Number of protein chains: 4
Amino acid sequence: MRIGFIGLGHMGRGMAGSLIKSGHEVTVFNRTPGKSADLEAAGAKVAADVGEACDGDAVVTMLSNDEAVESVVFGRLGIIDSLRKGAVHVSSSTISIDLSDRLAAAHADAGQGYVAATVLGRPNLAAEGQLFVIAAGADEAVNAVAPLLSAVGRQTTRFGVKPSNANMVKLSVNFLFASVMESLGEAVALVAKGGIDKADYVEFLTTTMFNAPAYKTYGELAVSEQPAPVGFAAPLGFKDIRLAIAASEKLGVPMPLLSLLHDRFVELMASGGEHMDWSAIGKLAQRDAGMLDLAA
Amino acid sequence: MRIGFIGLGHMGRGMAGSLIKSGHEVTVFNRTPGKSADLEAAGAKVAADVGEACDGDAVVTMLSNDEAVESVVFGRLGIIDSLRKGAVHVSSSTISIDLSDRLAAAHADAGQGYVAATVLGRPNLAAEGQLFVIAAGADEAVNAVAPLLSAVGRQTTRFGVKPSNANMVKLSVNFLFASVMESLGEAVALVAKGGIDKADYVEFLTTTMFNAPAYKTYGELAVSEQPAPVGFAAPLGFKDIRLAIAASEKLGVPMPLLSLLHDRFVELMASGGEHMDWSAIGKLAQRDAGMLDLAA
Amino acid sequence: MRIGFIGLGHMGRGMAGSLIKSGHEVTVFNRTPGKSADLEAAGAKVAADVGEACDGDAVVTMLSNDEAVESVVFGRLGIIDSLRKGAVHVSSSTISIDLSDRLAAAHADAGQGYVAATVLGRPNLAAEGQLFVIAAGADEAVNAVAPLLSAVGRQTTRFGVKPSNANMVKLSVNFLFASVMESLGEAVALVAKGGIDKADYVEFLTTTMFNAPAYKTYGELAVSEQPAPVGFAAPLGFKDIRLAIAASEKLGVPMPLLSLLHDRFVELMASGGEHMDWSAIGKLAQRDAGMLDLAA
Amino acid sequence: MRIGFIGLGHMGRGMAGSLIKSGHEVTVFNRTPGKSADLEAAGAKVAADVGEACDGDAVVTMLSNDEAVESVVFGRLGIIDSLRKGAVHVSSSTISIDLSDRLAAAHADAGQGYVAATVLGRPNLAAEGQLFVIAAGADEAVNAVAPLLSAVGRQTTRFGVKPSNANMVKLSVNFLFASVMESLGEAVALVAKGGIDKADYVEFLTTTMFNAPAYKTYGELAVSEQPAPVGFAAPLGFKDIRLAIAASEKLGVPMPLLSLLHDRFVELMASGGEHMDWSAIGKLAQRDAGMLDLAA
């Protein structure tokens, strides 16, 4: 397929690379220049503007928030203006339900396809084409981009024809990850202050009833004496929690644990979290128990 | 080994059965009579009192709470009075850290061994000898009862020489299970009220980042339209949350998620939870969102 | 003074009436017509559009949310366009800190004064000119509108020259009111389920350590068997809680009680709160304890 | 009246002094000696043991917790053993509902009267006889000790014939006080980090809608740059929160704000709260916002 790719952060670069490796013809664009050298070397064409990235069968956006997506989609020479009829916008960013619904309507008006295809996995999995893809949209549009989706992920799970379903699932999963961090963080603080070796404890959990990637990844980070490298920045995690809250408010779903996680992110931000990995919320319980210094 | 077994509830019967199947010589006792017929048929001797169950190399207690354990351990003709020097009390009940520490001291004074060996797994795994065993105590005592532990579990994980470590780990794991129920319950309420099929959603989670027994078991229960059969009664789950709170208070570990779960159990109890499975707390979010009737 | 008044809801009508009674020359405007008959009879002039209401020394806005204020301030023929240089916009609506800051900047650019003058008190106090006024803004501007402020309130308290300070104080006070409702609601549920007469209980509190209007008003509503008449609608209260959360996020102030109140409002909205008074959150504890039916 | 008084802490000494000033014949006793010199100088007789303090018409207990009360009431030569039939035990300690119920039963069995008469007010009010008294018990018994109650308080409010009602009201009021501290603490952190003078802010609140002693006392402490002198120690406040939780669990009343306060006390205890006034929980929000150092 001829594919445009907009947004070359950690995740975007990995995904674009996987598309190239799978033999697709890829044109990349990033608002801030200087992120495309490796991809160019691997065979990507570099677009000078959004419009140039919209000259194929599909254009993927992988951007950090609603504002960034709005800025490349709407307005003069944005995606809506530039994409040909019948081509598909694949939105992989973690954005609000509201924006996803507005994108669906705008693309429908413009005769373009729109698929929300959010992904699970850290940047290394993106680069290996091993993400879990969560896709929703009209069958025709999703089918059209199936080769694209299978190039970035090991598996595509479809959640119906309403695109924002994929955004909802993604937000809910980030809520579940944060819940894992918080619960593990509290459990580790308790047993460790009680004298139990915390690494042994997490090893036990993740080889018995909690032997899932979510627990392995965040368990290891919770017990590490080092600050985690920033794979997913805390402010972005906080943004996702706020988007989930907005969805819960709109739908009328009381979610007290979600609110607790919100508080934890506010605490983290007030404690230097701006430059930390989001998994740092899993160390707040140990910090509050007087067992470690977050910043150390 | 010659083993006494006190406490023939769902878990206890399964564990005692596994001991018999492994060739141990087992004498069972239950305060309320009439629970031992199957075990007797399988080869167990039935004791008339606690003392008779203490006439071997080890005695296992699997009872519902601190009070029950205290009543069979202390006092005239209890375990302390009856067990010979050098024999070992294996305490598998989920009890408080404080009581476990007191048991350790009392058995040491009496020249008896004491091992806390708590277990993970529902009654069916107990009957199959497939529990996960969490053991702590003096090496000599734990080694002495190793054949017993390997008869009830697929794996024994040791957490040092302080017996109450095993109780602490057990309490923390029940906290983690309840956290899974709450987080899944909220996530399911959110996506389902947003129009996503909740069974598909849980299927997706448990085949990707959350593919662990904890999520499979409680995910299935969270989306079921039926009340869960009572495998672990809500009042017992509530008791364990209170024991974890007591431990966190004593150690000085703030655990806001633990408190949230406490509130959920109070809510459940005020909503007919007395006779429900503890997993019903995973349906409170759906109830509060107006999506289901707990009692139905 | 010659004063325009925009926004004739419960509070706005009362305030405009107090201005007329104090001898000011008042021109009123409401986007939805049909709310000005009484005021016209009392001597107000009725404006046909926003611009006509901006033809005096000051214009007051008392609207329900950010969007409503933005719609009358910005854009063609809005307040910015219409108010003469040196005249003052008195913003009494409960709006976000961000919007208040933007209004301050926009009026400064246009050579107009801007005072945020939020108020405490229910509609009856507005009609009697007995509100508590919280004012912030440049001294010159606040001094210029002092006669206006003293016509609507029994007392004006100034909080510095940054207008949004008045909005911050107002949001914090609504947070405190909601905290009173929640705490009283829980306390009443506890003592009443324990067998104590709840009206006696509130009478005791409000004649001893809690003898303040906040407790008298919300205590009476908490124990009433009737739903409260809608003086301040729950969706507006919820909006204010969300604005306070936005402020706390921006400033980096963790506020767990604020989050708890947020959850309560989501619960209320999911339980038919759309058409209730905001004090209904003070009955959720009794509802959850199985003691009353919210809707009854 | 001839009155025994057991428990000479800050509150007890003040109350005993007020009884003496009112002309009662008072015999005091404290388990730790050396606290009675001032009272002896003022005319009190000093008892050598509990029994000696029980030789009159009534005996008051004002002790720090359940354990202390149990130790002087039950057992050989305790109050039950020593008080004559028809005399009244006035229990002013903040104790559990359960213990109060057990005391009622035990005194009834012994033919003695039992009145729970808890009090509101700090030690200075105790010394001035200006407490608010909350009394419950059989009419005959409460009437018999009315002169005693009116000597220590400015007002006695009766809550029925079930003595533990007075304990329930007291626990609920301490919950309300802690709610005031938490809500004010969060509000002060928010407005102060936003640039508003916090003393002005509290002054405004406590002269308008929140002009009650609870807000004046705890507002002043929340904005003070100094740690509060220990009037009521944090561990005692924490104990009362736990007693309230026990009552709410037993009655089935979900109280999420009560749980939040519990977490705050655990946090405080993990941050050196052992030796602080309980009002320090009102500074946690400022601490978490990076605005002050608790210990400073």
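This is a chat about a predicted model, covering chains A, C and D.

Trainee: Let's start with the sheet in chain A. What order do its strands take?

Mentor: The order is β3-β2-β1-β4-β5-β6-β7-β8 in chain A. That makes an open sheet of 8 strands, with mixed pairing.

Trainee: Which strands stand at the edges?

Mentor: β3 (45–46) and β8 (153–158) of chain A do. Each has a single partner strand, so one side of each is left without a neighbour in the sheet.

Trainee: And how many bridges join β7(A) to β8(A)?

Mentor: There are 5 bridges, and the two strands run parallel. Strand β7 of chain A covers residues 131–136. For a pair to look at, take Ile134(A), which stands opposite Thr157(A) in β8(A).

Trainee: Which strands does helix α5 of chain A lie across?

Mentor: Helix α5 (residues 97–109) lies across β5 (88–91) and β6 (113–120) of chain A. The helix runs at about 150° to β6(A).

Trainee: Now helices against helices. At what angle do α9 and α10 of chain A pack?

Mentor: The angle is about 130°, and their axes are 9 Å apart. α9(A) and α10(A) are therefore oblique to each other. Their crossing is right-handed.

Trainee: Which residues make that contact?

Mentor: From α9(A), Val188(A), Val191(A) and Ala192(A). From α10(A), Lys198(A), Tyr201(A) and Val202(A). By type, they divide into 5 nonpolar, no polar and 1 charged.

Trainee: New topic: chains C and D. How many residues of chain C are in contact with chain D?

Mentor: 48 residues of chain C, and they meet 48 residues of chain D.

Trainee: Which helix of chain C gives the largest share?

Mentor: α9(C) does, with 15 residues of the side that touches chain D. Other helices supply at least two residues each, among them α12 (234–251) and α13 (256–269) of chain C.

Trainee: How do the residues on that side divide into nonpolar, polar and charged?

Mentor: There are 31 nonpolar, 11 polar and 6 charged residues on the side of chain C that touches chain D.

Trainee: What turn lays chain C on chain D?

Mentor: A turn of 180°, with a shift of 0.0 Å along the axis. The RMSD is 0.0 Å. That is the relation of a two-fold axis.

Trainee: Which residue of chain C comes closest to the rotation axis?

Mentor: Ala212(C), with its C-alpha at 2.5 Å.

Trainee: Last one. Why do we say the copies meet through the same surface?

Mentor: Because 98% of the interface residues of chain C are also interface residues in chain D.

Methods:
Residues are numbered from 1 along each chain as its sequence is written. Chains are lettered from A and ligands numbered from 1 in the order in which they are written. This is a predicted model: local features need pLDDT of at least 70, side-chain atom pairs count only at pLDDT 80 or more; totals for chains, interfaces and linings use all residues. Two residues are in contact if their C-beta atoms, placed from the backbone, lie within 7 Å. Helices (H or I, at least four residues) and strands (E, at least two) are DSSP runs, numbered from the N terminus. Ala, Val, Leu, Ile, Met, Phe, Trp, Tyr, Cys and Pro count as nonpolar, Asp, Glu, Lys and Arg as charged, and the others, Gly among them, as polar. Axes are lines fitted to C-alpha atoms, for helices over the stretch in contact, and angles run from 0 to 180 degrees between N-to-C directions. Angles under 35 degrees count as roughly parallel, over 145 as roughly antiparallel, 65 to 115 as roughly perpendicular and the rest as oblique. A crossing is left-handed if the near helix is turned anticlockwise from the far one by less than a right angle, and right-handed if clockwise. Two strands pair if DSSP finds at least two bridges between them. Copies are superposed by least squares on the C-alpha atoms of residues with pLDDT of at least 70 in both.
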